[in-house]
Amino acid sequence: MIYQPKDVFYRRAKEEGYRSRAAYKLLELNRRFRLIRPGDRVVDLGSAPGGWLQVASRLTGPAGRVLGVDIQPIEPFKEENILIIRGDVTSEECQEKITGLLGSRVDCVLSDLSPRLSGIRDADVRRSADLVRSALQAACRLLRPGGNFLVKTFVGEELKALSLELERHFRSLQRTRPESTRKGSSEIYLCAQGFRGETCDLMPTEGKLKSP
Ligand SMILES: C[S@@+](CC[C@H](N)C(=O)[O-])C[C@H]1O[C@@H](n2cnc3c(N)ncnc32)[C@H](O)[C@@H]1O
């Protein structure tokens with residue numbers, strides 16, 4: 001990937017007070033797919049440093065709630081509708097903590113989860129796919145029927161299998177690359193809408209939530 005440290009979205013994020021340039025991806029995808037509405041309850045998996053949390057907080061408004069989860073610490077927000085917790089979303093413990101905190105099902109689950117990139121393409125694609133499966137498992141636990149799920153992955157041999165898994169659980173699926181995705185990046189977003197309300201049968205292994 002070509003490294004572009006201070007591109008237009010980076011500079012815009014600085015000017016407009018977003019914590020990351022990733023904020024513009026969610027703004028664009030929400031404009032196109034209406035994933036988040038005022039008053040919604042949203043869970044954001046892999047949310048540090050918090051650009052998506054800021055966007056989701058604005059979209060849901062004061063009547064909505066946004067819960068952010070990351071393995072890395074996240075600086076607190078002034079917005080009162082954002083709650084953050086630290087944890088590994090692939091662990092059973094963390095997923096139980098999220099469900100316990102929420103109490104009831106949510107309208108939208110977002111996942112911008114990224115593995116620490118090794119530069120070995122096939123390994124990175126596989127690790128990203130594992131994160132998508134953990135995020136899907138969390139989404140099946142957390143979403144209300146009809147809810148929406150947006151998840152990042154990388155283009156690669158797992159993409160077709162992941163798309164099929166999502167299609168089993170959602171009424172519609174779009175694959176898309178926002179304009180603000182860096183040139184040369186193989187990231188792609190799967191936008192799944194209309195959760196069918198069925199449980200996800202990926203089996204947890206040794207305390208971690210993994211694909212079979
Ligand atoms: C691309 S960043 C997210 C950027 C974020 N959407 C924003 O707008 O600022 C991906 C995040 O995934 C987190 N992550 C990766 N694996 C994780 C895991 N197993 N559990 C929780 N967070 C994880 C990383 O720590 C990183 O902060």
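## Salt bridges

This predicted model holds 13 salt bridges in a search of the whole structure. Among them are the pairs Arg141–Glu92, Asp124–Arg127 and Lys152–Glu187.

## A link between helices

Arg141 pairs with Glu92. Their closest N and O atoms are 2.8 Å apart. This salt bridge ties together distant parts of the chain. Arg141 belongs to helix α5, residues 121–142. Glu92 belongs to helix α4, residues 92–102. The two residues are 49 apart in the chain.

How accessible is Arg141? Its relative accessible area is 28%. That value falls between the 20% and 50% cut-offs, so Arg141 counts as partly exposed.

## A pair within helix α5

Helix α5 also carries a salt bridge between two of its own residues, Asp124 and Arg127. The N to O distance is 3.6 Å. The partners sit three residues apart, about one turn of the helix.

Are Asp124 and Arg127 buried or exposed? Asp124 has 7% relative accessibility. Buried means under 20%, so Asp124 counts as buried. Arg127 reaches 36% and is therefore partly exposed.

## A link between strands, and a network

Lys152 and Glu187 form another salt bridge, with the closest N and O atoms 3.8 Å apart. This pair, too, joins distant parts of the chain. Lys152 lies in strand β5, residues 143–154. Glu187 lies in strand β7, residues 187–195. The separation is 35 residues. Both Lys152 and Glu187 are buried.

The pair is part of a network. Salt bridges with shared partners connect Lys152 and Glu187 to Lys25 and Asp112.

## The ligand site

Asp112 appears again at the ligand, where it is one of the closest residues. The others named as closest are Ser20, Trp52, Asp70 and Asp88. In total, 21 residues surround the ligand. What classes make up this shell? Eight residues are nonpolar, nine are polar and four are charged.

Polar atoms of the protein approach the ligand at several points. A backbone N or O atom of Pro49 is 3.4 Å from a ligand oxygen. A polar backbone atom of Gly51 lies 3.1 Å from an oxygen atom of the ligand. Asp112 uses its side chain: a polar atom there is 2.8 Å from a ligand nitrogen. On its own, the ligand has 600 Å² of accessible area, and the protein covers 85% of that.

Asp112 thus has two roles in this description: a member of the salt-bridge network and a polar partner of the ligand.

Definitions and conventions:
Residues numbered from 1 in each chain as written. Predicted model: local features only at pLDDT ≥ 70, side-chain atom pairs only at ≥ 80, totals over all residues. Heavy atoms only, no water. Near = heavy atom within 4 Å. Polar contact = N/O pair within 3.5 Å; in protein donor to acceptor, adjacent residues only side chain to side chain. Areas by Shrake-Rupley, 256 points an atom, 1.4 Å probe, with all protein chains shown as cover. Nonpolar A, V, L, I, M, F, W, Y, C, P; charged D, E, K, R; others polar. Salt bridge = Lys/Arg side-chain N within 4 Å of Asp/Glu carboxyl O. Helix = DSSP H or I, 4+ residues; strand = E, 2+ residues; numbered from the N terminus. Buried < 20%, exposed > 50% of the residue type's maximum accessible area, 1.4 Å probe, protein only.
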